[in-house]
4 protein chains.
Amino acid sequence: MTETINVAVFGAGRIGNIHADNVAQHPHACLQYVVDVHEPSAAQLAARHAAQVASVEQVLADPGIGAVVIGSSTDTHADLIQRSAAAGKAIFCEKPVDLDVQRARACAEAVRKAGVTCMIGFQRRFDPTFAALKGRLDAGEIGEPEMLVVTSRDPAPPPASYIARSGGVFKDMLIHDFDIFRWILGGETVSVHATGGSPGLPEVAAAGDISHAAVTLRTRAGSLCQINTSRRAAYGYDQRFEVLGSKGLLQAGNVRPTQVVAWGADHIASDKPEAFFLERYRAAYALEIAHFFDALTHGTQVRTTIEDGIKALELAELATQSWREGRAVECSV
Amino acid sequence: MTETINVAVFGAGRIGNIHADNVAQHPHACLQYVVDVHEPSAAQLAARHAAQVASVEQVLADPGIGAVVIGSSTDTHADLIQRSAAAGKAIFCEKPVDLDVQRARACAEAVRKAGVTCMIGFQRRFDPTFAALKGRLDAGEIGEPEMLVVTSRDPAPPPASYIARSGGVFKDMLIHDFDIFRWILGGETVSVHATGGSPGLPEVAAAGDISHAAVTLRTRAGSLCQINTSRRAAYGYDQRFEVLGSKGLLQAGNVRPTQVVAWGADHIASDKPEAFFLERYRAAYALEIAHFFDALTHGTQVRTTIEDGIKALELAELATQSWREGRAVECSV
Amino acid sequence: MTETINVAVFGAGRIGNIHADNVAQHPHACLQYVVDVHEPSAAQLAARHAAQVASVEQVLADPGIGAVVIGSSTDTHADLIQRSAAAGKAIFCEKPVDLDVQRARACAEAVRKAGVTCMIGFQRRFDPTFAALKGRLDAGEIGEPEMLVVTSRDPAPPPASYIARSGGVFKDMLIHDFDIFRWILGGETVSVHATGGSPGLPEVAAAGDISHAAVTLRTRAGSLCQINTSRRAAYGYDQRFEVLGSKGLLQAGNVRPTQVVAWGADHIASDKPEAFFLERYRAAYALEIAHFFDALTHGTQVRTTIEDGIKALELAELATQSWREGRAVECSV
Amino acid sequence: MTETINVAVFGAGRIGNIHADNVAQHPHACLQYVVDVHEPSAAQLAARHAAQVASVEQVLADPGIGAVVIGSSTDTHADLIQRSAAAGKAIFCEKPVDLDVQRARACAEAVRKAGVTCMIGFQRRFDPTFAALKGRLDAGEIGEPEMLVVTSRDPAPPPASYIARSGGVFKDMLIHDFDIFRWILGGETVSVHATGGSPGLPEVAAAGDISHAAVTLRTRAGSLCQINTSRRAAYGYDQRFEVLGSKGLLQAGNVRPTQVVAWGADHIASDKPEAFFLERYRAAYALEIAHFFDALTHGTQVRTTIEDGIKALELAELATQSWREGRAVECSV
């Protein structure tokens, strides 16, 4: 009979709560500890799942803990990965590994040395629509993929204070899209071009970032990717992509809360997309955690490794450079 | 603090399993017993939720049991409702109350006398799309409802043996649609016309039933409803309706598993609707059970009462009569 | 080389203008005369096409006229058909042949006796969407047709004065839908049921008619048709139908003026359907006139004969009877 | 009363035929001459409209000719524009003015000096969907435009021989999209980046061109445009764009031949887009010619001037340079 894996969740914020709830649902995972610098948040989340509040040290020292889920703030990821790896724990860590590529690589090295499983939370790969598209692409439905167009927009920009320490739009937002690009088109990236601005959002510019970006990537095989993004879309959270292949096109559309359509005197109206990432990727968050524990249980590989996390980060860094220097950057990623 | 309600589930078949899982998810419900004439099914379901297998008698005799969920075969509903009511249990019962209106009325009487809560499982009212439409209708978005068109089709007919004891298509399938009609248009029904046939499905005709039916209802207020149904739709499970109001139209569409759209050499293709009722109404089943326990917890009314069950059954009976006699039937339901 | 057919158009109103313009476009038709009791209308239309104003007598006496197009008011149709047939002219006549079935039959008899071509303007059969659906149905794409659902709604009711002499909603509006039913499902009709009311439109009731109707037809082969109609749809002109077959479903949707979709803070909005029949069926009107002259030129049969016009009228009459008597009517049409 | 403008059409190929037919439809234009180096083509087109075959010299020497429509091959445009301008004729010319920017500028100078009207055939601005979107954008429906995404794909590549003298994908195909960009976002372009390849189409690479391109443009105001294009889309002709504004999004979708939707065992399928530019832009071609003659008749400005033609050409040239040099190009267009 399969043994249960005892789990600690680092971070009791919005995403930590999601992960903890999904851990609690998994038949072979048992949420044991919740860790957060903000004690009341940890306590509340722990109480909901009959878990205990603990410190990082307690978690890592407890030999009964088989896996940790890192959902704390980005600046804590690298340290927690390295210490958890050293303690022999399997690791699930939210993206990004770190804002600094060197530190991220050190994490990967620590993971390799410890021989532990480390999965990075690129939940979009687990979204039912995106995953179905990928499956059909892999099955050859549209032949060879040639061109990918990604639309990725947030409903509203975060506070300027957040933006200032976010690592910039390419590491903060587009890291997911870079992962989608790698997942869908595959192969080696040889050129990155990024440009952008902050039309109508001077506070974003003042924070040293841009709100609107247009990125173009080219692979060695000659396939192309365009990503358009913005930190503000008045109509909500927009998450679509489409792949042109030699035999057709596959589109992944937004998800709407309901299928109600209203025909009125002015127009025919349907729902806006799901409000934001927690709603849009609800199923994906559950499926990625299930995948992590299934992989641990069956001793199989996880689908989104720390190497994937580093590659996406490298692309984000190249895009940042391209934008800052106003030129296309050649590379080999 | 809210007390937990201990629950017994009658029936460990497909729908019993769904209900039991949803009971287990509810924060204020605890699945204690599973009852089924087929012992292994009961045992398997009980094991999944650390519940016990029990007999009807044990359940009803246990004063710790606050509510029962009846998901066993239709012919057991009336007896279980009456005995559970007599035992003072709150009751959630799958539709229909019974195939016989008189027996159903006796159940309602028993429930009234015992003063217990009794909710009938018209889960469609809890479907997010249908419920959103109803909310917008009630908010006056399209003025007064004037005409309802319901499309309700199963992917494939059940075995002839099932059809023979199903009570016929009107009681077996359309009872849900009659409830939708009552819910959306409201008011007193004054006329029922039903006709149909079994094109291409002689086995349905041989079982004394029809596979395809067209029903028209008129209310005293002058609003109209047309229901078209079939036991076979090669493209899957089709569950749509639309309401014409004085100021516009509200449509409730099917739900698709994914939002992938494929553009190929022949056409542009999207997913078929969700496969069947378990998939299509997954959320609805969870929400109706949540509603039941929320109502018990807060002492509020349930939304789909045994009276709703009886009214839908009466309409099904009138439709059956109309079809059999080949004439429109005047009524007051 | 193909000879040109000289044509007279009776009626210079809205529909007469449409037909005249389409006659003028046809390479083998030449618009020679325009006839209208309202002289200035006739003059204006004639001027636009360098044609002459004439009387009915002049037209029928002119041996150079090969065909007449009757787009004058309904009460003139029968007389013009009979006289034109007697004069040996090919006839294109707007629906309905007449409001009275006996008179319509007399027209058919006159046409038969004269051996002239007579086409009735059921333009919907020429609509590109409807015609494509019909072609795919005939090609067997969805197997045998089993059930037809027709939605047919006008944007707003005509004046009460028009309604009073319109022949009622079944002859005035649904005659087109009865033709669609015959065209799509074919076969002999054995039962007609119609009911309706005038919710929110007392002026329609006062004119002795109903604004909202629900019709059900059954064929000898066991296929079913439901038609829902209303003289008012706040969102515009609604012209859809769908056919369930043994292997799938074919839907014919509305046509929108543009493909603009607006994503805003409240919803995602697309265009309403084309405003009314002149816009919706613009292509159909052109194609039916082209079909008429092509048939005359090539000596082939027209697709919508006077017999089709009479059958649709008979169904409209049966529906009227069903509604008035509150019962399903058995028939053989 | 408005005088009729006598017109000569240069070029009796595919596009010349379209223009000639539309000229013939216009109430104030009269097609007098058809000119083509291939005499039989000219004769056939002329015969259809009771026009005469003529030489360039004859046309330009005839003082009765008020306007010329240039639909001959690209390498003849500049010469015909200059000579027609010198002869005082109003000019409608297919895009591009010329493949060489200097020659195009010389044409603009000749037009200016002669003081004649010269309209360039950017027919997309007259497409009902695109024009409706533009009108709503100008009306402020989505606030300030910030980002434009254009998808522009041909069904299949032209022969390699055509490609070799086409001026390359940017001047041949994307010139339309550069015009859309200027029309929708407006303002001064400060940066152009283009990249591409010919995945799976080595014959295009062999002709010195690319089949797939990704272009990014930035305006001085900070708005962004991404264009993705390919010379091959297995599913047909794909012509879409969408504009993100500060208050919402406006999308212009493809046009489908019919509104038939087929629900089958595998998927729900709708029509592919209109087959190619002649079908997709049929209405646009008619409307642009009507606009040209309306402008001449009323003495108003044409909407797509020779300056627009030159600007689009300059952007195409910058894109070509960017692609060739592998870098973003700064500019002021």
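## Symmetry of chains D and B

A rotation of 180 degrees, accompanied by 0.0 Å of shift along its axis, superposes chain D on chain B with an RMSD of 0.0 Å. The two copies are thus related as by a two-fold rotation axis, and the C-alpha of chain D nearest that axis belongs to D:A269, which lies 2.1 Å from it. These relations are read from a predicted model, for which the scores are ipTM 0.95 and pTM 0.96.

## The contact between chains D and B

The contact takes 11 residues from chain D and 11 residues from chain B. On the side of chain D that touches chain B, the largest share, three residues, comes from strand β14 of chain D, residues 268-270. By residue class, that side of chain D divides into six nonpolar, three polar and two charged residues. Of the interface residues of chain D, 100% are also interface residues in chain B, so the copies meet through the same surface.

The pairing of strands runs across this contact as well: strand β14 of chain B, residues 268-270, is joined to β14(D) by three bridges, and the two strands run antiparallel. Within this pairing, B:S270 has D:I268 in β14(D) as its bridge partner. As a general matter, strands of a sheet pair through backbone hydrogen bonds, in either the parallel or the antiparallel sense.

## Chains A and D

A turn of 180 degrees with a shift of 0.0 Å along the axis also lays chain A on chain D, again with an RMSD of 0.0 Å. Here too the same surface serves both copies, since 100% of the contact residues of chain A recur in chain D.

## Chain A: confidence, content and dimensions

For chain A the mean pLDDT is 97, and 99% of its residues reach 70 or more. The chain contains 13 helices and 15 strands. Its radius of gyration is 20 Å, close to the 20 Å that the globule rule gives for 333 residues, so chain A is as compact as a globular protein of that length. Along its principal axes, the C-alpha trace of chain A spans about 55 × 50 × 45 Å.

## Domains of chain A

The domain assignment of chain A gives domain 1 as residues 5-116, while domain 2 is made up of the segments 125-277 and 312-330. The C-alpha centres of these two domains of chain A lie 28 Å apart.

Where the domains meet, six residues of domain 1 of chain A are in contact with seven residues of domain 2 of chain A. The side of domain 1 that touches domain 2 in chain A consists of five nonpolar residues and one charged residue, with no polar residue among them.

## A parallel sheet in chain B

Chain B holds an open sheet of six strands in the order β3-β2-β1-β4-β5-β6, with parallel pairing. Its edge strands are β3, residues 52-53, and β6, residues 118-121, of chain B, each of which pairs on one side only.

At the β6 edge, strand β5 of chain B, residues 90-94, pairs with β6(B) in the parallel sense over four bridges. In this part of the sheet, B:E94 stands opposite B:G121 in β6(B). The parallel pairing of β5 and β6 within chain B may be set beside the antiparallel pairing of β14(B) with β14(D), which joins two chains.

Terms used
Residues are numbered from 1 along each chain as its sequence is written. Chains are lettered from A and ligands numbered from 1 in the order in which they are written. This is a predicted model: local features need pLDDT of at least 70, side-chain atom pairs count only at pLDDT 80 or more; totals for chains, interfaces and linings use all residues. pLDDT is the predictor's confidence in each residue, from 0 to 100. Two strands pair if DSSP finds at least two bridges between them. Domain bounds come from an automatic or database domain assignment. Two residues are in contact if their C-beta atoms, placed from the backbone, lie within 7 Å. Ala, Val, Leu, Ile, Met, Phe, Trp, Tyr, Cys and Pro count as nonpolar, Asp, Glu, Lys and Arg as charged, and the others, Gly among them, as polar. Copies are superposed by least squares on the C-alpha atoms of residues with pLDDT of at least 70 in both. The radius of gyration is taken over C-alpha atoms; the globule rule is 2.2 Å times the number of residues to the power 0.38.
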